[in-house]
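Open the model in your viewer and keep the selection tool at hand. The stops below go from one selection to the next.

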Amino acid sequence: MKALVTGGAGFIGSHLCDYLIAHGHQVTVLDDLSTGSEENLRQLADAPDLQLVKGSILDTALVDDLVGSSDTVFHLAAAVGVHTIVDKPLESLRTNLHGTENVVDAAARHGARIMVASTSEVYGKNDADGLTEDADRVLGSPLKSRWSYAAAKGLDELVAYVYGRETGVPTVITRFFNIVGPRQTGRYGMVVPRFVGQALADEPITVYGDGSQRRCFGSVFDVVPAVVKLMDTPAAYNRAVNLGGLEEVSIRGLAERVIELTGSKSTIEYIPYEKAYGEGYEDMRRRMPDTSLARELIDYEPTRRLDDIINSIVESK
Ligand code: NAD
């Protein structure tokens, strides 16, 4: 495979590069290093089959050139992180919408297979017991404050569907649900690495809200092979597929688990959402994926438990 990984210097993208290189593929990374870093690819510095191109998915000519010399595109580049999105909603919208349009358009023109990274946020405020792919999407039920991100990702999906259907280019949309692991930074509001960092420094663990909101964290080590497998699965083409973990936990429970596993002296401090993110912020009470479509398509069975995920992050520090 000659793969182009947009956002390949980021958290999920760099693990995907590790996996592709280990499986004998040629990889080009396109990344503007806004939230990603060269450090994330340090372990591949001597790999002759990895090339890093520093540039933006908004650069149409560059995207066209790189997609033209690839047969498979993993499109992960996006403006991400609650802080980025809440502070710069229009800029995030532009990157996520126009950037994706550039990448999808080039893939269709050059006939490259493409995976487009989407998010559980397209389901909007929906705390159903296991969100299935056909649940109501965010365009009908906006989530305040993160609307620009969710809307752009929802529109990205539509762009990918339309191009996939009209051009016949194999297209897979992956909806990630709270994926975590080593290299994810807590700087942009990601909760697990932030808690681990605070615990290791014996600082108070800052929980936003009362901590009763529930999440289901998925390991990047379970998700990356699944992404690659989906690209080789014709039954997955032109579909959106949930990918995530299976074990649900409250954010308060997560903080307690992190304290226990790190042997930290940290206490838990509760911070109102308005103080953390500004007026009008609304969080989702619960976000739980139904991964039965992924199981049906590729036998997706996540094996890493929450403790494994936390321990892998602790060990990477
Ligand atoms: P990340 O921030 O580590 O990765 C995003 C990468 O995109 C970074 O390396 C960043 O530098 C790069 N980037 C941003 N704007 C760019 C631009 N204009 N041109 C080129 N590169 C650019 O985040 P991640 O968690 O690895 O997310 C990867 C993808 O998965 C994103 O599309 C994100 O929306 C999606 N996603 C992730 C999760 C999760 O739980 N981690 C959940 C839902 C969706």
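Start with the ligand and the residues around it; by class, this shell is made up of 13 nonpolar, twelve polar and three charged residues. Keep in mind throughout that the model is predicted.

**Stop 1: the shell around the ligand.** Select the residues surrounding the ligand, 28 in number. The closest are Phe11, Asp31, Thr35, Tyr149 and Ile179. Now colour helix H1, strand E5 and helix H5 (147-167): each of these supplies at least two residues of the shell. Which element gives the most to the shell? It is E5, with three residues.

**Stop 2: polar atoms at the ligand.** Show Gly10, Phe11 and Lys153 as sticks, together with the ligand. At Gly10, a polar backbone atom is 3.0 Å from an oxygen atom of the ligand. At Phe11, look again at the backbone: an N or O atom there lies 2.7 Å from a ligand oxygen atom. Lys153 uses its side chain instead, with a polar atom 2.8 Å from an oxygen atom of the ligand. If you turn on a surface, note that the ligand taken alone exposes 820 Å², of which the protein buries 94%.

**Stop 3: the largest nonpolar core.** Hide the ligand and select Phe74, Leu76, Phe176 and Leu243. These residues have the most contacts inside the largest nonpolar core, which has 38 residues. Elements that give two or more residues to this core include strand E1 (2-6), helix H1 (11-22), strand E2 (26-31) and strand E5 (113-119). Further along the sequence, strand E6 (171-176), helix H7 (220-231), strand E11 (239-243) and helix H10 (292-298) do so too. H7 provides the largest share, eight residues.

**Stop 4: Phe176.** Centre the view on Phe176. Leaving aside residues up to four places away in sequence, what does Phe176 touch? Its contacts are Ile12, Leu76, Ala117, Ser118, Thr119, Ser120, Val223, Val227 and Leu243.

**Stop 5: another core.** Apart from the largest core lies another, of 21 residues. To find this other core, select Leu30, Ile57, Leu62 and Ala107, which are among its residues.

**Stop 6: Ser92.** Finish at helix H4 (residues 89-110), where Ser92 lies. Is Ser92 buried or exposed? Ser92 counts as buried because its relative accessible area is 2%, and the limit for buried is under 20%. Beyond residues up to four places away in sequence, Ser92 touches Ala79, Thr84, Ile85 and Ser148.

How values were computed: Residues are numbered from 1 along each chain as its sequence is written. This is a predicted model: local features need pLDDT of at least 70, side-chain atom pairs count only at pLDDT 80 or more; totals for chains, interfaces and linings use all residues. Side-chain values use heavy atoms; hydrogens and water are left out. A nonpolar core is a set of buried Ala, Val, Leu, Ile, Met, Phe, Trp, Tyr and Cys residues joined through side-chain atoms within 4.5 Å. Buried means under 20% relative accessible area, exposed over 50%, partly exposed in between (1.4 Å probe, protein chains only). Helices (H or I, at least four residues) and strands (E, at least two) are DSSP runs, numbered from the N terminus. Contact means heavy atoms within 4.5 Å. A residue is near a molecule or strand if one of its heavy atoms lies within 4 Å of it. A polar contact is a pair of N or O atoms within 3.5 Å; within protein, one must be able to donate a hydrogen and the other to accept it, and residues adjacent in sequence count only if both atoms are side-chain atoms. Accessible areas come from the Shrake-Rupley method with a 1.4 Å probe; for residues, only the protein chains shown count as cover. Ala, Val, Leu, Ile, Met, Phe, Trp, Tyr, Cys and Pro count as nonpolar, Asp, Glu, Lys and Arg as charged, and the others, Gly among them, as polar.
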